[in-house]
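I set aside an hour with the model and a fresh notebook page. Here is what I looked up, in the order I got to it.

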Amino acid sequence: ASQNHAVTQLRLGVQLFLLGDNYTAATDLSLDMSNRQDILKKHGLSETRELKPDLVLYHAKDFGFIKASKGMDKVRVTEAPLLCVEIISPTQGNQEILNKFKVYFEMAVKSCWYVDPALETIHIYKGSLDLKAVFYNTDLVDDTLGIKIPLSKIFF
């Protein structure tokens, strides 16, 4: 990941963490794709055992830290997150990210954010690749998830 990618990922992750006890945010979580090869192939992604969004968000009641006394830590998870965030880097193309979004939506992800650090923008897609909103120099509002984040906390 590039410098801007890494900084943006951390800043946005902190803002998702600060949403409170209703949500659990995670970075670089591996989503298990072993039983979803047909979806990957359909959207032109190379066959892989996992997809790894830059950030994900789950309802805290459904997802969180696993204590050793409660079970084994998971290397790949099968549960679809509410939100998948992809941050574009200089070596990545936007079609690759949009193809991932198609897969995420087929997995029942509610919202996908396309983050462009170079342009300091976040695009929100909800349930399809029909763009729902673009945020620049304002507050990001994802009304599907009830989230509001000031972009001044991400790009400064």
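Which residues does Q15 touch, not counting those up to four places away in sequence? I began there, keeping in mind that this is a predicted model. My list came out as I149, P150, K153 and I154. Q15 itself is found in helix α1, which covers residues 3-17. I noted Q15 as buried, because its relative accessibility is 15% and the cut-off for buried is under 20%.

**Entry: strand β10**

Two of the residues that Q15 touches, I149 and P150, led me to strand β10, residues 147-150. I looked at where its side chains point. I147 and I149 point to one face and are buried, while K148 and P150 point to the other and are not. I wrote the general rule beside this: side chains in a regular strand alternate between the two faces of the sheet.

Next I asked which strand pairs with β10. The partner is β9, residues 139-142, and the two run in the antiparallel sense over four bridges. I found D142 opposite I147 in β10. The two strands form a hairpin with four residues between them. In the turn, G146 has a positive phi of about 70 degrees.

**Entry: positive phi without glycine**

That glycine made me look for other positive phi values. N137 has one of about 55 degrees, although N137 is not a glycine. N137 is found in the loop between β8 (131-136) and β9, and at 67% relative accessibility N137 counts as exposed.

E120 also has a positive phi of about 55 degrees, and E120 is not a glycine either. I located E120 in the loop between β6 (111-116) and β7 (121-125). With a relative accessible area of 37%, E120 is partly exposed.

**Entry: cysteines**

How many disulfides does a search of the whole structure find? The search gives zero. C84 is in no disulfide, and its nearest cysteine sulfur, that of C112, is 5.3 Å away. Why no bond for C112? The sulfur of C112 is too far from the one in C84, because the 5.3 Å between them is outside the 2.5 Å cut-off for a disulfide. For my own reference, a disulfide is a covalent bond between the sulfur atoms of two cysteines.

I also checked whether these side chains belong to buried or exposed residues. C84 counts as buried at 0% relative accessibility, and C112 counts as buried, at 0% as well.

**Entry: H59**

I placed H59 in strand β4, residues 55-59. H59 is partly exposed, with a relative accessible area of 31%. Leaving aside neighbours within four places in sequence, I listed N22, Y23, T24 and L82 as the contacts of H59. I also looked up the pair H59 and D21: they are 38 residues apart along the chain, and their C-alpha atoms are separated by 8.8 Å.

**Entry: the largest pocket**

Last, I turned to the largest pocket, with a volume of about 340 Å³. Its lining has 14 residues, and the closest to the pocket centre are F63, G64, F65, I66 and D73. Sorted by class, the lining has eight nonpolar, two polar and four charged residues.

Notes
Residues are numbered from 1 along each chain as its sequence is written. This is a predicted model: local features need pLDDT of at least 70, side-chain atom pairs count only at pLDDT 80 or more; totals for chains, interfaces and linings use all residues. Side-chain values use heavy atoms; hydrogens and water are left out. Buried means under 20% relative accessible area, exposed over 50%, partly exposed in between (1.4 Å probe, protein chains only). Contact means heavy atoms within 4.5 Å. Two strands pair if DSSP finds at least two bridges between them. On a 1 Å grid over the protein atoms alone, a cavity is a set of points where a 1.4 Å probe fits but cannot get out, and a pocket is an open set with protein on both sides within 12 Å along at least five of seven lines; lining residues have an atom within 4 Å of a point. Grid points are joined across faces, edges and corners, and a volume is the space filled by probe spheres set on the points. Ala, Val, Leu, Ile, Met, Phe, Trp, Tyr, Cys and Pro count as nonpolar, Asp, Glu, Lys and Arg as charged, and the others, Gly among them, as polar.
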